[in-house]
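Student: I have a structure to read and would like to go through some of its strands and a helix. Could we take it step by step?

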Amino acid sequence: MKHIFILNPAAGKHKKALDLIPHIEEYFQENPGDGDYEYYITKCPNDAEHAAKSFSEGDSPVRLYACGGDGTLAEVLNGSFGRDNVEIGFFPCGSANDYIKSMNAGLDFSSVKAQVAGAPVAVDVIDCNGCKSLNICCIGLDADVADKMAYFKRYPLVTGPMAYNLALAYMFFHKLGKKLNIRIETGGETLDFSGEYILTLAANGQYYGGGYRGAPQAVFDDGLLDIVLIDTVSRLKILNFVSRYKRGEHLDLPFVHVFKGNKMTVVSDKPVVICADGECFSDREITFEILPLSAKFVLPRIV
């Protein structure tokens, strides 16, 4: 097994990913029997995806460690998806690192020893118009906020959660709600909806946006999408809603609709922002489909 560490120096603050290099080198010098290793420092956006594609070529088993934030992890997934020889690990060096918050507590994702000794588990992946996502895809206020977060994260001392809150406050004073036509396929039933929604989620993980628990019932390996639709409500209700949403205590509210399904198709009269694991793009028709147990994700060994 070859171990490839893809380090994103732009993730988080203070180039945290680069701090891993001496720990990686020390571990493999002391444990030469644990396989070959190499590290690659990304140079620009989407470089982690290109690197993952290059390193996964061939049939030899390889473990690709995304050393960055959720966006770096998504890039490594997209670059290597569909390759049976690839396992994906994750060193959380970003400002949010939301995907692993749904994992079992007690796992040390920052330890080289625990990661190398870890074992892969099969996890679900969401296909979002061809883009692959491990965690949560969304449309609405949260996607618009994620799109705006990049602006605020450029400021010194602004962390991921702080950037999310600043972007949320900014978008709060703009038009809320998207007019959408939505079709949900559950395997045995098709459900159609049409209305104005402030939030629309297709989830595989529970947390996003720096710790907001938007889909508290989601399981990363159950073969199902957790779908959350939230009707457009007044700004006053939103103020009361946000704290409950952050804690994952919103599912019983009358304007929140929850489903489990295999696919959701969303159609809008004009392009809307879609956010998939922090990466944003726009389209008028979007399909979210679960790909059950289609990637191998490394869980660190408890040592």
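Tutor: Two strands count as paired if DSSP finds at least two bridges between them. Keep in mind that this model is predicted.

Student: How many bridges pair strand β8 with β9?

Tutor: Strand β8 covers residues 178-185. One point of contact with β9 is Leu180, which stands opposite Gly195. The two strands pair in the antiparallel sense, and the number of bridges is eight.

Student: Which residue in the turn between β8 and β9 has a positive phi?

Tutor: β8 and β9 form a hairpin, with four residues between them. In that turn, a positive phi of about 105° belongs to Gly187.

Student: Which residue in β9 stands opposite Ile139?

Tutor: Strand β7 (residues 136-140) and strand β9 (residues 190-203) run antiparallel and are joined by five bridges. Opposite Ile139 in β9 stands Thr200.

Student: What is the bridge partner of Ala202 in β10?

Tutor: β9 also pairs with strand β10, residues 225-231, in the antiparallel sense over six bridges. In β10, the partner of Ala202 is Ile227.

Student: Where is the kink in helix α7 centred?

Tutor: Helix α7 has 13 residues, 235-247, and reaches 19 Å from its first C-alpha to its last, close to the 18 Å expected. The kink is about 35°. Its centre is Phe241.

Student: Is Phe241 buried or exposed?

Tutor: Buried means under 20% relative accessible area. The buried residues of α7 are Ile238, Tyr245 and Phe241, so by that cut-off Phe241 is buried.

Technical notes:
Residues numbered from 1 in each chain as written. Predicted model: local features only at pLDDT ≥ 70, side-chain atom pairs only at ≥ 80, totals over all residues. Heavy atoms only, no water. Expected span 1.5 Å × (residues − 1). Bend = angle between axes of the 7 residues up to and from the residue. Buried < 20%, exposed > 50% of the residue type's maximum accessible area, 1.4 Å probe, protein only.
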